[in-house]
Amino acid sequence: MRAAYYEKHGSTDNIVVGEFPDPVIGDHDVLIRVRAASLNGFDPMMLEGTTDLNTPLPMIPLGDFAGEIVELGSAVRGWAVGDRVCPFPFVMGEGMNGETRRGAASKYVSFPAFNLLRVPDNVSFEDAACLPIAYGTAYRMMYDRARVAEGEKVLILGATGGVGVCAVELAKLAGCEVIACGSSDWKLDKLKALGADHVIDTSEEDFEDVIHKKFGKPFILGGGGVDVLINYIGGDTGVKSLRCLTKNGRLLTCGATAGYDPYQDLRYIWSYELNVIGSNGWLPPDQVKLLDLVASGRLKPRIHAVRPLEETASSIQDLIDRKVFGKVVITP
Ligand SMILES: NC(=O)c1ccc[n+]([C@@H]2O[C@H](COP(=O)([O-])OP(=O)(O)OC[C@H]3O[C@@H](n4cnc5c(N)ncnc54)[C@H](OP(=O)(O)O)[C@@H]3O)[C@@H](O)[C@H]2O)c1
């Protein structure tokens, strides 16, 4: 089959598009013809080999995908050839598709039938392929972990990425006042079009200053600042984030794009009785709820571009260069 893959970690120059052995299916697996796959923030990390995870080499990138079943293992029941599916991409014993298991930048993928989720007829493969990793993570973080509520002020750093655009939309659906951060004018315009009430250009403005000017400096007895702050950037944003939160505010983290050991100042956590909340992944019912939200027209995945398999490497490079708003979809 045709696939995009790399044989060693490094830059996007290592990604080639060519022939790759077809996946073999077991009794409990199905073979899926990939119709759309999408990039995530972890694709550059896997390619560069900067995490502790062991990717099988040669590695096919891209964890998220949707497609149709073309073959069934002998023990598979309840599914048929032609069914439209968007699997829950974390496989027991193998880990996340695109991280520790070969991804979906390929014509076919083998998947356990246990992981299959049905794509409603009125949801496109491209939209469905955006929903698992970034959108699933945003769903759990915003609704199960942060429990954002109507009227709350929610500050989202790096709001222009896959997790970010979904977090903005889910916060708006919940009736929150959203302050969204991005690093260039064209991305800020898109954040406004998405419904963000306020935007901050982090390439020119200090988000802490903007929050203090707009909502007041948090006061130890209450008032000022924001109620919820979404931070998967890490790096040097740690203490600034704490200083933006109102008394009893919630700081959510699900990642650390710019560094996982930021300097912290614990005094803000106890003085303002802040809640630091981790959020990791999502569950299949979250992905089903997202599919329902898209099917009912209440959520529209933000697709930056739909590109052919040959553009997998340049698309990952665009992600590294911060030239993407939302999701890039590859159609193998
Ligand atoms: N724990 C989990 O289950 C889980 C699941 C999914 C994702 N994550 C994590 O969540 C984070 C976001 O994922 P994603 O797929 O949304 O990534 P993404 O699409 O690449 O978006 C990340 C956003 O962060 C900003 N950014 C990129 N590099 C940056 C840097 N060096 N410093 C500051 N800002 C930077 C960019 O916005 P601007 O250029 O506009 O600033 C970009 O739009 C990643 O760290 C990922 O590993 C965790």
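Which exposed residues does the face of helix α4 turned away from its buried side carry? To answer this in the model, which is a predicted one, it helps to begin with the other side of the helix. Helix α4 runs over residues 185-194, and its buried residues are K187, L188, K190, L191 and L194. Around the helix axis these buried residues cover an arc of only 160 degrees, and therefore they lie on the same side of α4. Among the elements that cover them are α3 (162-173), β10 (177-182) and β11 (198-201). The face turned away from this buried side carries D185, W186, K192 and A193, which are the exposed residues asked about at the start. Just after α4 comes G195, a residue that takes a positive phi of about 115 degrees.

A second part of the structure concerns a pair of helices. Two packed helices are described by the distance between their axes and by the angle between those axes. For helix α2 (residues 125-145) and helix α8 (residues 284-295), the axes come within 9 Å and cross at roughly 120 degrees. Because angles of 65 to 115 degrees count as roughly perpendicular and those over 145 as roughly antiparallel, α2 and α8 are oblique to each other. The crossing of these two helices, α2 and α8, is right-handed. On the α2 side, the contact is made by D127, A128, L131, P132, Y135, G136, Y139 and R140, while α8 brings D286, Q287, K289, L290, L291 and V294 to it. Sorted by class, the residues in this contact of α2 with α8 are eight nonpolar, two polar and four charged.

Definitions and conventions: Residues numbered from 1 in each chain as written. Predicted model: local features only at pLDDT ≥ 70, side-chain atom pairs only at ≥ 80, totals over all residues. Axes fitted to C-alpha atoms, helices over the stretch in contact; angles between N-to-C directions. Helix = DSSP H or I, 4+ residues; strand = E, 2+ residues; numbered from the N terminus. Parallel < 35°, antiparallel > 145°, perpendicular 65-115°, else oblique. Left-handed = near helix turned anticlockwise from the far one by under 90°. Contact = placed C-beta atoms within 7 Å. Nonpolar A, V, L, I, M, F, W, Y, C, P; charged D, E, K, R; others polar. Buried ≥ 20, exposed ≤ 12 C-beta atoms within 10 Å, placed from the backbone. Arc of directions from axis to C-beta.
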